Every structure is written in structure tokens, then in C-alpha cells.
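Hello,

Here is the structure I promised to pass on. My notes on what turned up follow below it.

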Amino acid sequence: PLSVSAGSNLYWHLSVPALSYGLEITGVPIEAMQEIDKFHWNSAKRIQALPSQTADPYVLPMSGWISFSGLFEYLQLLFLWRLLIMNSCTIYKKIVLRRIWFWAKNRASEKGPTSEILCTAKKYELLEIIFKSIIEGKYMELIKWKSIVKANIKKSEHDRHQVTMGFYSN
């Protein structure tokens with residue numbers, strides 16, 4: 001028998017990278033993300049040896065996991081930051097800066113991967129940090145950005161779980 005900790009580590013170090021590889025730049029339709037999230041919730045139940053009928057809102061917080069859609073958004077935001085901290089003469093950074101400018105100028109009516117990532121940044125209240133960094137030309141270290149993004153996503157998911165769990169209480 002595999003311990004919950006070992007099963008969780010195997011899942012996060014083998015399955016999750018395979019499931020999430022490249023998704024931050026290709027995008028995922030909502031229906032597909034719902035299916036991946038469903039698989040993710042069921043995996044958490046199996047690893048924790050919980051009955052399949054266990055209400056989803058109780059599963060991930062017990063294991064300390066975030067949803068797969070939260071992980072996807074985390075990867076998107078890291079991808080954007082990696083582009084922003086590149087040397088200023090790279091074509092990739094120039095393109096993303098131009099897309100961000102168009103997005104900001106057109107009141108978020110732009111479509112495409114950059115727009116999707118900026119909408120995610122807005123959702124987690126990170127736009128101000130992004131715009132301020134671009135304007136000043138100063139970008140925090142990736143490790144600091146990771147911790148801010150992770151904290152905002154975990155807080156958002158915690159708040160959502162609290163609301164959802166209220167529906168299951170007596």
C-alpha cells in the first residue's frame with residue numbers, strides 16, 4: 001500500500017507535468033478543462049482513499065492541492081513573467097509587450113493567449129504589478145513572482161471552497 005504522501009508526490013511529479021505540458025501557451029477550452037479538473041478531483045479522492053461520493057469541495061483542501069484550472073492559470077502567469085524578464089531585445093518580449101499594450105488600450109477586447117493570461121492576472125488582482133513593472137522596467141525575481149501568484153491563487157481557491165462547502169453543511 002502506498003501512503004497518501006507518497007501517492008500525492010508521485011501524482012504531482014509524474015502525472016501533473018504530463019497533463020499540463022505546454023497548456024499555458026496553447027490554451028484549453030472550458031469543457032476540456034472541466035474534464036481535466038474532474039480527473040484531478042477523482043485522483044485526489046483515490047490517493048486519499050476517499051469514497052467516490054465524497055463532495056469535491058472537501059477533497060483538495062484536505063490534501064493541500066489546488067484545482068487543475070488553478071494550476072493552469074499559475075502556469076500561464078509564470079509563462080508571462082518569464083517573457084517579461086527576458087532581455088529587452090528579444091522578439092518574444094517585444095511581441096508580448098505590444099499585445100499587453102493593445103489589451104490595455106482596447107479595454108481588454110483583444111483576443112488570444114496574451115489576452116487570456118491578462119484576464120487571469122486581473123482575476124487574481126495581479127495586473128497592477130504587471131503594469132507597474134512594465135512601466136518602470138523593473139521586474140521582480142521569478143521566485144518572488146511565483147510566491148505571489150501561488151498565494152493569490154490559493155487564497156482565491158480557499159475562498160471559493162469556503163463558499164461551496166457551505167452548501168454541503170447541515
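Leu83 touches Tyr92, Lys93 and Val96, leaving aside residues up to four places away in sequence. This is a predicted model, so please read everything here in that light. Leu83 sits in helix 5, which spans residues 68–84. Its relative accessibility is 12%, so Leu83 counts as buried, the limit being under 20%. From Leu83 to Ser156 the distance is 25 Å, C-alpha to C-alpha. In sequence the two are 73 residues apart.

Leu83 also leads to the largest pocket. Along with Ile95, Val96, Pro113 and Thr114, Leu83 is one of the lining residues nearest the pocket centre. The lining has 16 residues in total. The volume is about 280 Å³. Which helices each supply at least two residues of this lining? They are helix 5, helix 6 (91–105) and helix 7 (113–123). Helix 6 gives the most, with five residues. By class, the lining holds ten nonpolar residues, three polar and three charged.

Helix 7 deserves its own entry. Its buried residues are Thr114, Ser115, Ile117, Leu118, Thr120 and Ala121. Thr114 thus appears twice: buried in helix 7, and among the residues nearest the centre of the largest pocket. The cover over the buried residues of helix 7 includes helix 2, helix 5, helix 6 and helix 8. Just after helix 7 comes Glu125, with a positive phi of about 55 degrees.

Now helix 1, residues 4–20. Where is its kink centred? It is centred on Trp12, and the kink is about 30 degrees. Buried in helix 1 are Gly7, Ser8, Tyr11, Val16 and Ser20. Their cover includes helix 2 (23–26), helix 3 (30–47) and helix 5. Gly22 follows helix 1, and its phi is positive, near 80 degrees.

The second largest pocket brings helix 1 back in. Its volume is about 220 Å³. Helix 1, helix 5 and helix 9 (142–166) each supply at least two residues of its lining. Trp12, Val16 and Ser20 are among the lining residues. So are Gly64, Trp65 and Ile66. Leu71, Tyr74 and Leu75 belong to the lining too, as do Lys150, Ile153 and Lys154. By class, that gives eight nonpolar, two polar and two charged residues. Val16 and Ser20 are buried in helix 1, and both line this pocket. Trp12 is a lining residue as well as the centre of the kink.

Next, the aromatics. The structure holds eight aromatic pairs. Tyr11 and Trp12 form an edge-to-face pair, because their planes stand at 90 degrees and the cut-off is over 60. Their ring centres are 6.1 Å apart. Is each partner buried or partly exposed? Tyr11 is buried, at 6% relative accessibility. Trp12 is partly exposed, at 23%. The second pair to note is Trp81 with Tyr139, with ring centres 5.7 Å apart. Their planes are at 80 degrees, so this pair is edge-to-face. It links distant parts of the chain, with the two positions 58 residues apart in numbering. Trp81 is in helix 5, while Tyr139 is in the loop between helix 8 (127–136) and helix 9. Trp81 is buried, with a relative accessible area of 0%. Tyr139 is partly exposed, at 22%.

There is a ring cluster as well. Which residues does it join? Ring pairs link Tyr11, Trp12, Phe39 and Trp65. Two of these cluster members, Trp12 and Trp65, also line the second largest pocket.

One last residue: Asp37, in helix 3. Asp37 has a relative accessibility of 11%, so this charged residue counts as buried. Not counting residues up to four places away in sequence, Asp37 touches Ser67, Phe68 and Ser69.

If you are opening the model now, here are some places to start:

- Leu83, with its contacts to Tyr92, Lys93 and Val96.
- The kink in helix 1, centred on Trp12.
- The Trp81 and Tyr139 pair, which links distant parts of the chain.
- Asp37, with its contacts to Ser67, Phe68 and Ser69.

Best wishes

Note on methods. Residues are numbered from 1 along each chain as its sequence is written. This is a predicted model: local features need pLDDT of at least 70, side-chain atom pairs count only at pLDDT 80 or more; totals for chains, interfaces and linings use all residues. Side-chain values use heavy atoms; hydrogens and water are left out. The bend at a residue is the angle between axes fitted to the seven residues ending there and the seven starting there. Helices (H or I, at least four residues) and strands (E, at least two) are DSSP runs, numbered from the N terminus. Buried means under 20% relative accessible area, exposed over 50%, partly exposed in between (1.4 Å probe, protein chains only). Contact means heavy atoms within 4.5 Å. On a 1 Å grid over the protein atoms alone, a cavity is a set of points where a 1.4 Å probe fits but cannot get out, and a pocket is an open set with protein on both sides within 12 Å along at least five of seven lines; lining residues have an atom within 4 Å of a point. Grid points are joined across faces, edges and corners, and a volume is the space filled by probe spheres set on the points. Rings of Phe, Tyr and Trp (its six-membered ring) pair if their centres lie within 6.5 Å; planes under 30 degrees apart count as stacked, over 60 as edge-to-face and the rest as tilted.
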